[in-house]
Amino acid sequence: MVGIYCRISGNKEEGKDTSIESQEEQGKAFADKMEMDYQLYYDIGVSGKAEIEERDDFNKFTKYINKGKIKHVYAIHQNRIERSPDTWRLFVASVLNSGCKWYPNGIFYDLDDTTNRALASLLSIINEMHSDLTSDAVKRAFKKNALKGKAHGIRAYGIKKEKKTSLMIHHPKEVKAARYGSVYSM
């Protein structure tokens, strides 16, 4: 059995990330090439840095690897499996202890080889760094926009987003309700 793991951390602009559909398609093509049955596992809107317990399908996926139900593992890239060296080590332990084989992008990668394992561990550190750098850049952009008065995400009660400029402005009725305690008493 081939376990195909697909993950995307959030809504991505087309062409900026590998879509779930693309990951699934390529995983199925791999299973067909291997002439094996497969099981798909999806984590959508979940960071690769999240704890395994917070990644429902990844958690199931690794449990089936550990039980020996999955003998071949496919993911389009290692960074779909993880953005955390701790998660990578747990994944590698599951693969090695169960005698499973790892196929990133459909190419066998021998994790039993010391050099390969070390290189994949280094890649895991780079995956984590990439995630951290992206997070830092997003935080800076949000802060910059907030300092300019631009809205992003869920708005606070009493604030609305001005359509033309995206600036945050007071919502008169909500501001009154917030000040006086009830919309119904106005």
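Is Lys 28 buried, partly exposed or exposed? In this predicted model, Lys 28 is partly exposed, its relative accessible area being 26%. The residue takes part in a salt bridge with Glu 24, in which the closest N and O atoms lie 2.9 Å apart. Both partners belong to helix α1, which spans residues 20-34, and because they are 4 residues apart, about one helical turn separates them.

The overall architecture gives the setting for this pair. The protein chain contains 6 helices and 6 strands, and along the sequence these elements follow the pattern β-α-β-α-β-α-α-β-α-β-β-α. Of the 186 residues in the protein chain, 34% are buried. The accessible surface of the protein chain amounts to about 11,900 Å², and carbon and sulfur atoms account for 52% of that surface. When contacts in the protein chain between residues at least 6 apart in sequence are considered, 58% of them join residues at least 24 apart.

Strand β3, comprising residues 72-75, is covered on both faces. His 72 and Tyr 74 are buried on one side of the strand, and Val 73 and Ala 75 are buried on the other. Strand β1 (residues 2-8) pairs with β3 in the parallel sense, over 3 bridges. In this pairing, Val 2 is placed opposite His 72 of β3. Strand β4 (residues 101-104) also pairs with β3 in the parallel sense, here over 4 bridges. Ala 75 stands opposite Pro 104, a residue of β4. His 72 and Ala 75, which have these opposite partners in β1 and β4, are thus both among the buried residues of β3.

The count of salt bridges in the model comes to 4, including the Glu 24 and Lys 28 pair described above. Another is formed by Asp 132 and Lys 49, with a distance of 2.3 Å between the closest N and O atoms. Asp 132 is located in helix α5 (residues 114-147), whereas Lys 49 is located in the loop between β2 (38-44) and α2 (56-66), so this salt bridge ties together parts that are 83 residues apart in sequence. Both side chains retain some accessibility: Asp 132 is partly exposed, with a relative accessible area of 30%, and Lys 49 is likewise partly exposed, at 31%.

Helix α4 supplies a further salt bridge, in which the side chains of Arg 89 and Asp 86 meet at an N to O distance of 2.4 Å. The two residues are 3 residues apart in α4, and therefore about one helical turn separates them. Arg 89 is partly exposed at 48% relative accessibility, and Asp 86 is partly exposed with a value of 48%.

Ser 84 lies in the loop between α3 (78-81) and α4 (85-98). The relative accessible area of Ser 84 is 10%; because this value is under the 20% limit, the residue counts as buried. With neighbours within four places in sequence left aside, Ser 84 is in contact with Gly 48, Lys 49 and Ser 124. Lys 49 accordingly appears in two sets of interactions, as a contact of Ser 84 and as the salt-bridge partner of Asp 132.

Methods: Residues are numbered from 1 along each chain as its sequence is written. This is a predicted model: local features need pLDDT of at least 70, side-chain atom pairs count only at pLDDT 80 or more; totals for chains, interfaces and linings use all residues. Side-chain values use heavy atoms; hydrogens and water are left out. Buried means under 20% relative accessible area, exposed over 50%, partly exposed in between (1.4 Å probe, protein chains only). Contact means heavy atoms within 4.5 Å. Two strands pair if DSSP finds at least two bridges between them. Accessible areas come from the Shrake-Rupley method with a 1.4 Å probe; for residues, only the protein chains shown count as cover.
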